[in-house]
Every structure is written in C-alpha cells, then in structure tokens.
Amino acid sequence: MSRPDSFAANLRETFRRDQVFGPLRPGTRPVSPGHLDTGGKHILYMEDVTVSFDGFKALNDLTLYIEPGELRCIIGPNGAGKSTMMDVITGKTRPDTGVCYFGQTLDLTAMSETDIATAGIGRKFQKPTVFPEHTALENLELATAGPKGTWHALLKPVTGEQRDWMASTLDTVGLLGERDRLAGALSHGQKQWLEIAMVLMQKPELLLVDEPIAGMTRQEVERTAELLQGLAGEHSVMVVEHDMEFIRSIANTVTVLHQGSVLAESSMQQVQNDPRVIEVYLGESV
Ligand SMILES: Nc1ncnc2c1ncn2[C@@H]1O[C@H](COP(=O)(O)OP(=O)(O)OP(=O)(O)O)[C@@H](O)[C@H]1O
C-alpha cells in the first residue's frame, strides 16, 4: 500500500482531531449556516476512513484535512476513491471505520444527507441538473425548496432579502444578465455555473465540486477557474478534476488519491515532480 511521505504522515498524526482537541462529544445536530464551530482549525477531518464494497476497499485508511477557506484540488486515477470520499462527506455512503467530522463537533457519519447539507456542505455533481423549463432566477428559488417541494417554492412569495441574495449569487457566477432566460437555453458552461449558484443558495461552508469543466469551452474553463478561486476564502472548496492544466491554474494544495489512500499532498509543483504520482497518474496526463 502506498503511503504519504513520513514528514507529512507525522504532521497529520500531530494534527489529528482527537489528539489536538481531546475527546469532544460528537454532535449530529445541523447548525445554521455561518455557525459551524471550527475552533479556528480544520473545517473537515477525515481520519483512517475505510469503505469496502464486497470486500474491495474503495477507501483505505484515508486521512485528509481541509482548512477553512482553502481551495483544495483532488486528483487521482480512475477508481482512486475520489467520488467515494465525497459520498462519505455528504452522508451518501457510510464508512466501515474511521472518523469524518465537519468542524469540531459534527460527526458526519451519524448525520443524514439532508442534515449534512443543512449544516453547510454543498455538492455540485459533474452533470448539471438544472430545471430547463424554468428561468435562471426560478432555478435559484427551486434550490431553496424545502420538504414541501418545488411548486411550493415557486408559489411562495420571495422576500426582498431573498431576492437580493439570489441576484447577488447570480452575479457571483456571472449570470445576472441571464436571470430571466430559461435554464435549458443556457450554454453548457452557464448551466454548470447556474448549478453552482443553486448550491450556493444553501450558503455552504464547504463546497464539493466534481469535474466542473468537462465539456466546457476554453473561455468557460477560464471563467470557472476565476469563479472557484473567488469562492475560496468565503467557502472551503474541494475540487475533483482530471484536467491537469486546469488544476495547475487554480491549485494551491493538491491531494493525490490512489487506491483509496492519500498518495501525496503538497503544492502542484511538488506533486507533479513526485515519481510516485508520475508513475500512477501523471505519466499520461502531463
Ligand atoms: N457502489 C459501489 N459498489 C461497488 N463498487 C463501487 C461502488 N462505488 C464505487 N465502487 C468502486 O470503488 C472504487 C472507487 O470508485 P470511485 O468512484 O470512488 O473512484 P473515483 O476516483 O471517483 O473514479 P473516477 O475518476 O473514475 O470517477 C472503484 O473501483 C469503483 O468501481
């Protein structure tokens, strides 16, 4: 099994959630946006997480930390466990063993997917799933639909504050001018940005973005790089992407997954010169 280098391993050991903060009482109660207790430390803790499917370890003792406001890129060959890792964070998949905490007190392994989303973890899937028959603005209204469903969301009067928030979010993703266009008439890239805006309606503190630039034009790719960089800071952003040029353009810290574990984690420059990473992944892509 591949291991990160010993310095990184020692560092991780030092900063393990349980060792730094002692035994804290785990929580499962979602907190309202902006009220997550990070204690000024990591926003996400994954420690020794293992997920098996019929005996096959899709995640194998995975340990990973995310800082508040950071933009983290996750790369790795097909089947490395990237999607499974996101599934664990969002509560879709439960780990066999290991720890997954959001902030200091929220035990994600014991929370429902809905509560995890409410607590401030948003996920943008690879394929855009906007509502094509509704305008960009209506899509944002629909994104706020609670258990009462989509019709309720559209019929419910929008407050001035909500309207401002939607307009500002559309502006953030560069779609304010398209607010009244049907989502189905938007370009592929615009649909992707609209979906990011829909996730932003939850005011996530951690935003998971899965292969955002697949099928985009070069201009759309550049705009997406700016968008994700702009979102970092206010949000923690975790991006899974195979396009190395794109990763190079946005990455600060890159985590390389391989066979369900962290193979390497450092700057893009260090990662792309790491012989282990070149062997298992970058050989074909750089
Ligand atoms: N529900 C499942 N049942 C059985 N095996 C699964 C399941 N989900 C994932 N796997 C397996 O776990 C491994 C990790 O899959 P995962 O989708 O997490 O990898 P990935 O890094 O996201 O790959 P890709 O880059 O191709 O999207 C793969 O071998 C996959 O076939």
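Strand 9 (residues 253-258) and strand 10 (residues 261-267) are joined by 6 bridges in the antiparallel sense. Strands here are DSSP runs of E with at least two residues, helices are runs of H or I with at least four, and both are numbered from the N terminus. Two strands count as paired if DSSP finds at least two bridges between them. The structure is a predicted model, in which local features need pLDDT of at least 70, side-chain atom pairs count only at pLDDT 80 or more, and totals for chains, interfaces and linings use all residues. Residues are numbered from 1 along each chain as its sequence is written.

Strands 9 and 10 form a hairpin with 2 residues between them, and Q259 in the turn has a positive phi of about 50 degrees. In strand 10, 5 of the 7 residues are buried, that is, 20 or more other C-beta atoms, placed from the backbone, lie within 10 Å of their own.

A separate open sheet has 4 strands in the order 2-1-4-5, with antiparallel pairing. Strand 2 (56-66) and strand 5 (106-107) stand at its edges, each with a single partner strand, so one side of each is left without a neighbour in the sheet.

The table sets out two antiparallel pairs.

| Strand pair | Bridges | Bridge partners |
|---|---|---|
| Strand 9 and strand 10 | 6 bridges | L257 and V262 |
| Strand 1 and strand 2 | 7 bridges | M46 and L64 |

Among the residues around the ligand are F53, A58 and K82; such a residue has its C-beta atom, placed from the backbone, within 6 Å of the ligand. Helix 3 (residues 82-89) gives the largest share of this shell, 3 residues.

How values were computed
A residue is buried if 20 or more other C-beta atoms lie within 10 Å of its own, exposed if 12 or fewer, and partly exposed in between; C-beta atoms are placed from the backbone.
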